[in-house]
Amino acid sequence: MKILFGFLASFALQTAHAAAPVAGEGLVDLHAHVFMYEGFGVPWFGKFNGPIEVKSWKEKMGSKINPEALEKSGAQVVVVALYTHPLFRGEPRDAIRRQIFTAKQFVKAHPHWVIARSPNELEQAHAAGKKALVFSLEGAAQVLETEQDLVEFIDQEGIRIVTLYHFIDDHFGGAALMRGTGSAANPLGWFKAWKNGTRDSQGVLVNTKGMTDTGRRLAHSLIQRGVWMDLSHATDADQVELTQISEKAQLPLLYTHTALRKYLGAERGISEIQLQAVKRTGGILGIIPSEDMLQDTPSRLAPCGAGGIPALKHQVQEAGQVVGEDAVSLGSDLNAPLSFIRADCNGSQFSDYSQLGAIWNSTQRGGLNVKKFVKVWSRVHTHPNESLNKASKK
Ligand SMILES: [Zn+2]
């Protein structure tokens with residue numbers, strides 16, 4: 001632990017702001033798979049109501065969050081990413097229902113936490129000194145297919161953020177290509193892009209697939225219901241259209257978990273044009289504190305080559321310079337099967353969620369806080385019908 005605190009202290013000293021850091025004060029984690037076991041099943045190991053299973057930042061397939069770690073993290077708002085693995089979890093809707101059930105059980109046993117279904121509820125909870133979970137869904141396919149699904153998961157259960165696409169192209173649209181071996185997650189999308197040679201202005205290979213009519217219909221239904229669409233994982237082609245839809249409806253853009261494309265070198269990362277759109281719409285974004293997503297980020301401060309907190313800090317600050325410092329937060333993406341971030345060169349530190357606040361504080365001050373999150377979210381939720389009417393008038 002000495003190494004950890006020494007390391008954090010050294011970065012705290014390098015920060016110009018005078019205010020004493022408070023771990024995770026006001027931290028809004030824009031994307032966390034808190035209940036991964038219920039969504040992934042075997043071969044995932046470790047339940048939320050159980051011990052932390054990973055021992056180092058390198059371990060990908062094990063629980064990094066439990067109730068104690070969540071409390072200690074200092075996060076005030078956690079956007080819970082509900083997710084269902086297509087192969088391992090059986091009926092997808094049931095997997096989502098199990099995660100919602102576990103969340104409700106947690107809140108019942110921990111009355112200083114609430115599930116916030118609106119900006120207003122979140123504001124009230126925060127004013128009362130309570131912390132909040134906000135439900136999001138990652139991957140709409142197989143879950144939001146019918147009107148009945150929308151009634152159940154959006155209207156009744158209160159999912160308020162939807163990441164339309166995930167790893168694989170589907171009947172709603174295309175999924176952004178990942179870096180390196182990650183492109184194997186979307187083999188058809190990758191093959192078509194490779195065959196056609198479709199690249200962005202920086203030469204990064206991009207998926208040719210955009211939104212389908214079914215995807216467009218879903219997007220409009222979600223906007224009508226006051227859902228905030230997350231553009232993470234969407235292809236460039238999807239994003240062009242989703243951005244147009246959002247701008248017509250005067251909605252702020254949201255990227256819950258991303259990394260800068262100029263360093264990631266893959267479509268999955270946010271491009272300069274997309275950052276500008278976030279700025280233009282008054283949107284927000286979360287950077288993923290994972291070595292897998294921060295690769296090739298330059299950092300003179302790195303104690304052991306590239307990566308680590310200096311790389312995260314570099315990305316947070318660079319994104320902040322475009323979209324505004326207070327529009328950037330973390331999208332931890334824990335428990336996704338990704339590495340976490342390392343604090344030293346031995347790979348022995350930063351392995352669970354309890355350290356999220358310390359990571360954030362060692363990165364910067366003045367990022368997205370709860371008040372700002374409420375303010376931006378209010379623009380989505382307050383006038384859903386008006387938004388749809390605007391979006392429909394082309
Ligand atoms: Zn994701």
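## Close-ups of a predicted model

**View 1. The loop holding Asn 335.** Asn 335 sits in the loop that runs between strand S9 (328-330) and H13. This is a predicted model, and the peptide bond between Leu 334 and Asn 335 comes out cis, with omega at about 0°. That's worth a label, since most peptide bonds are trans and most residues other than glycine have a negative phi.

**View 2. H12 against H13.** Follow that loop out of S9 and you reach H13, so here's the helix pair, because helix H12 (residues 308-323) packs on helix H13 (residues 356-363). Their axes are 9 Å apart and the angle is about 65°. As for handedness, the H12 and H13 crossing is right-handed. On the H12 side, the residues making the contact are Ile 309, Leu 312, Lys 313 and Val 316. Across from them, H13 brings Ile 359, Ser 362 and Thr 363. Sort the residues of this contact by class and you get four nonpolar, two polar and one charged.

**View 3. Strand S4, wrapped up.** How many of the eight residues of strand S4 (residues 131-138) are buried? Eight of the eight, so S4 is largely enclosed by the rest of the structure. Lys 131, Leu 133, Phe 135 and Leu 137 point one way from the strand. Ala 132, Val 134, Ser 136 and Glu 138 point the other way, and all of these S4 residues are buried, Lys 131 and Glu 138 included. The pattern is the textbook one: in a regular strand the side chains alternate between the two faces of the sheet.

**View 4. The strands that pair with S4.** Strand S2 (residues 77-82) runs parallel to S4, and six bridges join them. Look for Val 80, whose bridge partner in S4 is Phe 135. Strand S3 (residues 113-115) also pairs with S4 in the parallel sense, over three bridges. Here Val 114 has Ala 132 of S4 as its bridge partner. To get from S3 to S4 the chain goes through helix H5 (residues 119-127), a right-handed β-α-β crossover. Strand S5 (residues 159-163) is parallel to S4 too, with four bridges between them. In this pairing, Ser 136 stands opposite Ile 161 of S5. The connection is again a β-α-β unit: S4, helix H6 (residues 147-156) and S5 make it, and it is right-handed.

**View 5. Two residues with positive phi.** Gln 142 belongs to the loop between S4 and H6. Its phi is near 70°, a positive value in a residue that isn't glycine. His 233 does something similar in another loop, the one between strand S6 (228-230) and helix H9 (236-248). Phi of His 233 is positive, at about 75°, and this residue is not a glycine either. Which of the two is buried, and which is partly exposed? Gln 142 counts as partly exposed because it has 16 C-beta neighbours inside 10 Å, and the cut-off for buried is 20 or more. His 233 has 25 other C-beta atoms within 10 Å, so it is buried.

**View 6. Stepping back to the whole chain.** The secondary structure adds up to 15 helices and nine strands. Of the 394 residues, 53% count as buried. Take the contacts with a separation of 6 or more: residues 24 or more positions apart account for 73% of them.

Note on methods: Residues numbered from 1 in each chain as written. Predicted model: local features only at pLDDT ≥ 70, side-chain atom pairs only at ≥ 80, totals over all residues. Axes fitted to C-alpha atoms, helices over the stretch in contact; angles between N-to-C directions. Left-handed = near helix turned anticlockwise from the far one by under 90°. Contact = placed C-beta atoms within 7 Å. Nonpolar A, V, L, I, M, F, W, Y, C, P; charged D, E, K, R; others polar. Buried ≥ 20, exposed ≤ 12 C-beta atoms within 10 Å, placed from the backbone. Pairing = 2+ DSSP bridges. Right-handed = clockwise from strand over helix to strand, strands pointing away.
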